Amino acid sequence: MNNLSEDHVSLDQFCRSCNIEMTFVYSLAAQDMCEIIVIEEKEYVLQDDLRLLERLSRLHYEMEINLEGLYAIVHLQEKIERLKEEVKSLSRNLDRHQ
């Protein structure tokens, strides 16, 4: 991560643009659902986490899903992705043996 502007977004700027509370992002970070980086006493979120943060903030604020529910959703989505990859791998192995 060489370029700060490409890899990080100011936490304050992100929260203002999405109209969410910084404490919400702190709570997500405490549950390892995102990462907050501190550079020269300023807080940033990773560019790679923005899509997830936006989705989780909509689920939380619009659908009133609590943090435990968000954690379960993220965990299940990660598990689904791992299972999809496993199915692809098994399918490739099966194709090779036929």
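**Close-up views of a predicted five-helix, three-strand model**

Among the contacts in the protein between residues at least 6 apart in sequence, 53% join residues at least 24 apart. Keep that figure in mind as you browse the views below, which come from a predicted model.

**View 1. The whole chain: five helices and three strands.** Let's start with the overall picture. Read from the N terminus, the elements follow the order α-β-α-α-β-β-α-α. The protein has a radius of gyration of 17 Å, well over the 13 Å that the globule rule gives for 98 residues, so it is more spread out than a compact globule. Taken along the principal axes, the box filled by the C-alpha atoms is roughly 55 × 35 × 20 Å. Of the 98 residues, 27% are buried.

**View 2. Helix α3 crossing helix α4.** Two packed helices are described by the angle between their axes and the distance between the axes. Here, α3 spans residues 22-30 and α4 spans residues 50-63; their axes come within 11 Å and cross at roughly 110°. That angle falls between 65 and 115 degrees, which makes α3 roughly perpendicular to α4. The crossing of this pair is right-handed. If you zoom in on the side chains, you will find F24, V25 and L28 on the α3 side, meeting L53, L56, S57, H60 and Y61 of α4. Sorted by class, this contact has six nonpolar and two polar residues, with no charged ones.

**View 3. Helix α4 against helix α5.** Now follow α4 to its other partner in these views, α5, which covers residues 67-97. The axes of α4 and α5 lie 11 Å apart, and the two helices pack at an angle of about 135°. At that angle, α4 counts as oblique to α5. This crossing, too, is right-handed. From α4, the residues taking part are L52, R55, L56, L59 and H60, and they meet L70, I73, V74 and Q77 of α5. The tally by class is six nonpolar, two polar and one charged. L56 and H60 are worth a second look: both meet α5 here, and both also appear in the contact of α4 with α3.

**View 4. N19, a residue with positive phi in a loop.** N19 is not a glycine, yet its phi is positive, at about 55°. You can find N19 in the loop between α2 (residues 11-18) and α3. Its relative accessibility is 68%, so N19 counts as exposed.

**View 5. E41, between strands β2 and β3.** Here is another residue with positive phi that is not a glycine: the value for E41 is about 65°. E41 sits in the loop that joins β2 (residues 36-39) to β3 (residues 42-46). With a relative accessibility of 81%, E41 counts as exposed.

**View 6. D49, a buried loop residue.** Moving on along the chain, D49 lies in the loop between β3 and α4. Its relative accessibility is 14%, which is under the 20% cut-off, so D49 counts as buried. Leaving aside residues up to four places away in sequence, D49 touches C34 and E35. For a sense of scale, the C-alpha atoms of D49 and N93 are separated by 33 Å, and these two residues are 44 residues apart along the chain.

**View 7. M22 in helix α3 and its contacts.** M22 belongs to helix α3. It is partly exposed, with a relative accessible area of 26%. Not counting residues up to four places away in sequence, M22 touches L11, D12, C15 and E43. Widen the view and look for D95: from C-alpha to C-alpha, M22 and D95 are 49 Å apart in space, with their positions 73 residues apart in sequence.

**View 8. S89 in helix α5.** Our last stop is S89, which is found in helix α5. At 28% relative accessibility, S89 counts as partly exposed. V45 makes a handy reference point for this view: the C-alpha atoms of S89 and V45 are separated by 33 Å, and the two residues are 44 residues apart along the chain.

Note on methods. Residues are numbered from 1 along each chain as its sequence is written. This is a predicted model: local features need pLDDT of at least 70, side-chain atom pairs count only at pLDDT 80 or more; totals for chains, interfaces and linings use all residues. Side-chain values use heavy atoms; hydrogens and water are left out. Axes are lines fitted to C-alpha atoms, for helices over the stretch in contact, and angles run from 0 to 180 degrees between N-to-C directions. Helices (H or I, at least four residues) and strands (E, at least two) are DSSP runs, numbered from the N terminus. Angles under 35 degrees count as roughly parallel, over 145 as roughly antiparallel, 65 to 115 as roughly perpendicular and the rest as oblique. A crossing is left-handed if the near helix is turned anticlockwise from the far one by less than a right angle, and right-handed if clockwise. Contact means heavy atoms within 4.5 Å. Ala, Val, Leu, Ile, Met, Phe, Trp, Tyr, Cys and Pro count as nonpolar, Asp, Glu, Lys and Arg as charged, and the others, Gly among them, as polar. The radius of gyration is taken over C-alpha atoms; the globule rule is 2.2 Å times the number of residues to the power 0.38. Buried means under 20% relative accessible area, exposed over 50%, partly exposed in between (1.4 Å probe, protein chains only).
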